[in-house]
Amino acid sequence: MAFVAVEVVYGLVADSLAIFFLVLALRRLSLPVGWVIVYAWCPVLLKEAYCSLSVDAFVLPALAFLVWCFASGRRLLAGSALALCGGLRFALLALLPVCAR
């Protein structure tokens, strides 16, 4: 029972961080902040973050951080965010050419 509680807490933390960085990125890009609801209500996200504690639940905040870094023009920090994403999920290193521009 305690493991389930830890799963839920980690899911909430990861999801909250992702939503926070997405809101920051949407504001920076002058897009409607309400679009974050599309992300927050995604059933796949809910299943991954709260039911199975997949590593993908921790990749999403890192990707949202990467989007915010690009939106705010912080290229060096974006490289660090990409390294974090690559450490969590190797396939995300395919974004490397985007960061190199």
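This report describes the helices of a predicted model, then its nonpolar core and a few individual residues.

**Overall fold**

The protein chain contains six helices and zero strands, and read along the sequence it therefore follows the pattern α-α-α-α-α-α. Of its 101 residues, 32% are buried. Among the contacts in the protein chain with a separation of 6 or more, 53% are accounted for by residues 24 or more positions apart. One pair from distant parts of the sequence is formed by Ala57 and Val13, which are 44 residues apart along the chain and have their C-alpha atoms separated by 9.7 Å.

**The nonpolar core and its aromatic rings**

The largest nonpolar core has 13 residues, of which Phe21, Phe65, Leu66, Trp68 and Cys69 touch the most other members. Helices α1 (2-28), α4 and α5 each supply at least two residues of this core, and the largest share, five residues, comes from α4. In soluble globular proteins, nonpolar side chains tend to be buried together.

A search for aromatic pairs finds four in the whole structure. In one of these pairs, the rings of Phe20 and Phe21 have their centres 5.3 Å apart and their planes at 65 degrees, and because an angle over 60 degrees counts as edge-to-face, the pair is placed in that class. The two residues differ in exposure, since Phe20 is partly exposed, with a relative accessible area of 47%, whereas Phe21 is buried, with a relative accessible area of 16%. Ring pairs link Phe20 and Phe21 with Phe65 and Trp68 into a cluster. Leaving aside its neighbours within four places in sequence, Trp68 is in contact with Phe21, Leu24, Ala25, Arg74 and Leu77.

**Helix α5 and its two sides**

The 14 residues of α5 should span 20 Å at 1.5 Å a residue, and the end C-alpha atoms of this helix are 20 Å apart, which agrees with that expectation. The buried residues of α5 are Ala78, Ala81, Leu82, Cys85 and Gly86. These residues cover an arc of only 140 degrees around the axis, so they lie on the same side of α5. On the face turned away from that buried side, α5 carries the exposed residues Leu76, Ala83 and Gly87.

**Individual residues and their surroundings**

The table gives the relative accessible area of three residues that count as buried because their values are under 20%.

| Residue | Location | Relative accessible area |
|---|---|---|
| Asp15 | helix α1 | 8% |
| Ala57 | helix α4 | 4% |
| Ser72 | loop between α4 (56-71) and α5 (75-88) | 18% |

Two of these residues take part in polar pairings. The side chain of Asp15, a residue of helix α1, is joined to the side chain of Tyr39 by a polar contact of 3.5 Å. Ser72, which lies in the loop between α4 and α5, has a polar side-chain atom 3.3 Å from the backbone oxygen of Cys69. Cys69 is itself one of the core residues that touch the most other members, and the pairing with Ser72 thus connects this loop residue to a member of the core.

Conventions: Residues numbered from 1 in each chain as written. Predicted model: local features only at pLDDT ≥ 70, side-chain atom pairs only at ≥ 80, totals over all residues. Heavy atoms only, no water. Buried < 20%, exposed > 50% of the residue type's maximum accessible area, 1.4 Å probe, protein only. Polar contact = N/O pair within 3.5 Å; in protein donor to acceptor, adjacent residues only side chain to side chain. Phe/Tyr/Trp six-rings, centres within 6.5 Å; stacked < 30°, edge-to-face > 60°. Core = buried A, V, L, I, M, F, W, Y, C linked by side-chain atoms within 4.5 Å. Contact = heavy atoms within 4.5 Å. Expected span 1.5 Å × (residues − 1). Arc of directions from axis to C-beta.
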